[in-house]
Amino acid sequence: MIIADHPALDFLNTIGAPKGEEIEWLENGADLCAWLDDVGLAEAGSLAETAPDKIAVQARALREQFRRYMNDGDPAIFDQVNSILAKEHSHLELLQTGEVPQLRRVWRMEKPEDLLVPIAIAIAELLAEDAPERVRQCNGPTCTMWFKDISKNNKRRWCSMAVCGNRAKAAAHRAKLKSE
Ligand SMILES: [Zn+2]
């Protein structure tokens, strides 16, 4: 479920029940590495094979702290993010690809804790820079998915048309049939 149009919100969405049953996408260290790669945040390198499951425990704790901020404004996320940011080690690399060279950030991936750095930066960027009115939760009545609305008209309502959008359409159709 990489649907949020912002990696920090996709991070919040790594637990959810888009089809009814709750799914935890960050069960263990390997899951965390695979997710970082899927969402395009970082390549885990050799950690993909060796990351211990306790780093997934830490990632989930960070995620739920972040959720408490998003839901209730709990400020504890600031200290948590800052303690991770203080350990950042990365550099930019200029890639000679295609017609225009590309700049990309290369992360130091030596210790399991290094896996949390790109996530903490994504959270910090979301909180510091993004338009808060564009950061919303899906309108699905029981859906917990978050997204950033990057549409021109700022009218996105659903985590995904295929899941909650269609469910709402079907419910509206049923209601209409009933009233006829
Ligand atoms: Zn939804």
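Entry 1. Accessibility of Asp5

I wrote down the cut-offs first: a residue is buried under 20% relative accessible area, exposed over 50%, and partly exposed in between. I looked up Asp5 in this predicted model and found a relative accessibility of 43%, so Asp5 counts as partly exposed. Asp5 sits in the segment before H1. I then checked its backbone and noted a positive phi of about 60 degrees, although Asp5 is not a glycine. Most residues other than glycine have a negative phi.

Entry 2. Asn154

I looked for another positive phi and turned to Asn154. Its phi is near 55 degrees, and Asn154 is a residue other than glycine. I placed Asn154 in the loop between E6 and H7. Its relative accessibility is 28%, so I entered Asn154 as partly exposed.

Entry 3. The whole protein

I went on to the overall picture. I counted seven helices and six strands in the protein. Along the sequence I read the pattern α-β-β-α-α-α-α-β-β-α-β-β-α. The C-alpha atoms fill a box of roughly 65 × 45 × 30 Å along the principal axes. Of the 180 residues, 39% count as buried. I also looked at contacts between residues at least 6 apart in sequence, and 52% of these join residues at least 24 apart.

Entry 4. Confidence

I looked up how sure the predictor was. The protein averages a pLDDT of 93, and 100% of the residues score at least 70. Among the elements, helix H1 (residues 7-12) has the highest mean pLDDT, 98, and helix H7 (residues 161-179) the lowest, 85. I kept a general caution beside these values: where pLDDT is low, the predicted coordinates should not be read in detail.

Entry 5. The zinc ion

Which residues are the protein donors of the zinc ion? I found Cys138, Cys143, Cys159 and Cys164, each through its SG atom, lying 2.3 to 2.4 Å from the ion. Along the chain these donors follow the spacing C-x4-C-x15-C-x4-C. One pair links distant parts of the chain: Cys143 is in the loop between strand E5 (135-137) and strand E6 (146-148), and Cys164 is in helix H7, 21 residues apart. The angles among the four donor atoms are 106 to 115 degrees, and the site is tetrahedral. For comparison I noted the ideal angle for four tetrahedral donors, 109.5 degrees.

I checked the accessibility of the donors as well. Cys143 and Cys164 are both buried. Cys138 has a relative accessible area of 7%, which means that it is buried too.

Entry 6. Disulfides

How many disulfides does a search of the whole structure find? I recorded zero. I looked at Cys33 as well; its relative accessible area is 3%, so Cys33 is buried.

Entry 7. Helix H2

Cys33 led me to helix H2 (residues 29-38), where the buried residues are Gly29, Leu32, Cys33, Trp35 and Leu36. They cover an arc of only 165 degrees around the axis, so they are on the same side of H2. I then looked up what these residues pack against, and listed H1, helix H3 (47-50), helix H4 (53-72) and helix H6 (117-129).

Entry 8. Helix H5

I did the same for H5, and its buried residues are Ile77, Val81 and Ile84. Seen down the axis of H5, they fall within an arc of 60 degrees, so they line one face of the helix. Among the elements that cover them are H4 and H6.

Asn82 also lies in helix H5 (residues 76-85). Is Asn82 buried or partly exposed? With a relative accessibility of 45%, Asn82 counts as partly exposed. I took its distance to Leu126: the two residues are 44 apart in sequence and 14 Å apart in space, C-alpha to C-alpha.

Entry 9. Met70

My last lookup was Met70, which is found in helix H4. Its relative accessibility is 19%, and the cut-off for buried is under 20%, so Met70 counts as buried. Which residues does Met70 touch, not counting those up to four places away in sequence? I listed Leu9, Leu12, Leu126, Leu127, Val135 and Trp146. I also took the distance to Arg136, which is 66 residues from Met70 along the chain; their C-alpha atoms are separated by 9.7 Å.

Definitions and conventions: Residues numbered from 1 in each chain as written. Predicted model: local features only at pLDDT ≥ 70, side-chain atom pairs only at ≥ 80, totals over all residues. Heavy atoms only, no water. Disulfide = S-S within 2.5 Å. Buried < 20%, exposed > 50% of the residue type's maximum accessible area, 1.4 Å probe, protein only. pLDDT = per-residue confidence, 0-100. Helix = DSSP H or I, 4+ residues; strand = E, 2+ residues; numbered from the N terminus. Donors = N, O, S within 2.8 Å, 3.2 Å for Na, K, Ca; no water. Tetrahedral: all angles 85-135°; square planar, octahedral: opposite > 155°, others 65-115°. Arc of directions from axis to C-beta. Contact = heavy atoms within 4.5 Å.
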